[in-house]
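Thanks for coming. I have one structure to walk through today, and I will keep to what can be computed from its atoms.

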Amino acid sequence: MRAKTDRTPTWDVAEVVGRAADGDQLAWERLFDQYARLIWSMTRDFKLVESDAADVFQTTWLRLLEHINRLDHPARVGSWLAATARHECLRQLAARKRIVLMHDDDELAEDEAHGPAVDERLLAEERAAAVREALSHLPWRWQRLLQLLMNDPPASYAEISDQLGLPVGSIGPTRGRCLERLRVLLEAS
């Protein structure tokens, strides 16, 4: 039996998705290994019975197979899988027309208080990674300006002026140009 040599500790998700779209079995295995638990966790969040959960799991992977060549953002395949699994869970529940009776509304509030759902956390992580990547393409001075403005509490314009050597009156317009460039970079990714 041969060892799988093309697996590395760090990996480019978009590249793996592209290889899977081209029929690379190892790429599919990598995607499956990475995201199977995410899909199962979605079925647990919806409290599906085992057979329904298995159907959702299988259908989610089938949807990826059907749409892998048309993903707008292959690097965000995890978010795509989470959203697809969520839709499939909802479809499964609607098909069963289940009604869940609860004795206490506090149980619902308690479930919501535990934090964001898995797909929301994954989306937030992917957005944060995209923003960090876009920020890295800005000039150093603009990166530092945005960092100072985003600190908690934000630096005053006087402090920013001292640190970056910018006139106080140009900080606002410079910030506007920085944010516009950042928006363009994010839309391009």
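Let me start with a single residue: is glutamine 92 buried, partly exposed or exposed? This is a predicted model, so every value I give is computed from predicted coordinates. At 16% relative accessibility, glutamine 92 counts as buried, because the cut-off for buried is under 20%. The residue lies in helix H4, which runs over residues 77-96. Leaving aside residues up to four places away in sequence, glutamine 92 touches Asp52, Asp55 and Val56.

One of those contacts deserves a second look. Aspartate 55 is in helix H3, residues 50-67. With a relative accessibility of 37%, aspartate 55 counts as partly exposed, whereas glutamine 92, which it touches, is buried. There is also a distance to note here: from C-alpha to C-alpha, aspartate 55 and threonine 43 are 9.8 Å apart, with a separation of 12 residues in sequence.

Staying in H3, we come to threonine 60. Threonine 60 has a relative accessible area of 0%, so it is buried. What does threonine 60 touch, not counting residues up to four places away in sequence? The list is Ile39, Trp80, Leu81, Thr84, Ala85 and Glu88.

Now the overall picture. The protein has nine helices and zero strands, so along the sequence the pattern reads α-α-α-α-α-α-α-α-α. There are 189 residues, and 30% of them are buried. Take the contacts between residues at least 6 apart in sequence: 61% of these join residues at least 24 apart. The accessible surface comes to about 12800 Å², and carbon and sulfur atoms account for 54% of that.

On cysteines, I will be brief. How many disulfides does a search of the whole structure find? The result is zero. Cysteine 89 is buried, at a relative accessible area of 0%, and cysteine 178 also counts as buried, at 0%.

Next, two helices towards the end of the chain. In H7, which covers 140-150, the buried residues are Leu145, Leu146, Leu148 and Leu149. They cover an arc of only 160 degrees around the axis, which puts them on the same side of H7. Trp140 and Met150 are exposed, and they sit on the face of H7 turned away from its buried side.

H8 spans residues 157-164, and its buried residues are Ile160, Ser161 and Leu164. Viewed down the axis of H8, these fall within an arc of 100 degrees, so they line one face of the helix. What do the buried residues of H8 pack against? Their partners are H7 and helix H9, the latter at 168-188.

Some backbone details. In general, most residues other than glycine have a negative phi, and most peptide bonds are trans. Against that background, three places are worth checking on the screen.

The loop between H7 and H8 contains proline 153. A cis peptide bond joins aspartate 152 to proline 153, with omega about 0 degrees.

Just after H8, glycine 165 has a positive phi of about 70 degrees.

Lysine 47 is in the loop between H2 and H3. Its phi is near 55 degrees, a positive value in a residue other than glycine. Is lysine 47 buried or exposed? Lysine 47 is exposed, with a relative accessible area of 63%.

Last item: pockets. Rolling a probe the size of a water molecule over the atoms shows where empty space is left. I will describe the second largest pocket, with a volume of about 430 Å³. It is lined by 21 residues, and those closest to its centre are Ala75, Arg76, Glu126, Ala129 and Ala130. Which helices each supply at least two residues of that lining? They are H2 (25-45), H6 (118-135) and H9. The largest share comes from H6, with eight residues. H9 therefore turns up twice in this talk: as one of the packing partners of the buried residues of H8, and as a contributor to this lining.

To recap the starting point: glutamine 92 is buried at 16%, and its contacts include Asp55, which is partly exposed at 37%. That is all I have; questions are welcome.

Note on methods: Residues are numbered from 1 along each chain as its sequence is written. This is a predicted model: local features need pLDDT of at least 70, side-chain atom pairs count only at pLDDT 80 or more; totals for chains, interfaces and linings use all residues. Side-chain values use heavy atoms; hydrogens and water are left out. Buried means under 20% relative accessible area, exposed over 50%, partly exposed in between (1.4 Å probe, protein chains only). Helices (H or I, at least four residues) and strands (E, at least two) are DSSP runs, numbered from the N terminus. The arc is that of the directions from the helix axis to the C-beta atoms. Contact means heavy atoms within 4.5 Å. Accessible areas come from the Shrake-Rupley method with a 1.4 Å probe; for residues, only the protein chains shown count as cover. A disulfide is a pair of cysteine sulfur atoms within 2.5 Å. On a 1 Å grid over the protein atoms alone, a cavity is a set of points where a 1.4 Å probe fits but cannot get out, and a pocket is an open set with protein on both sides within 12 Å along at least five of seven lines; lining residues have an atom within 4 Å of a point. Grid points are joined across faces, edges and corners, and a volume is the space filled by probe spheres set on the points.
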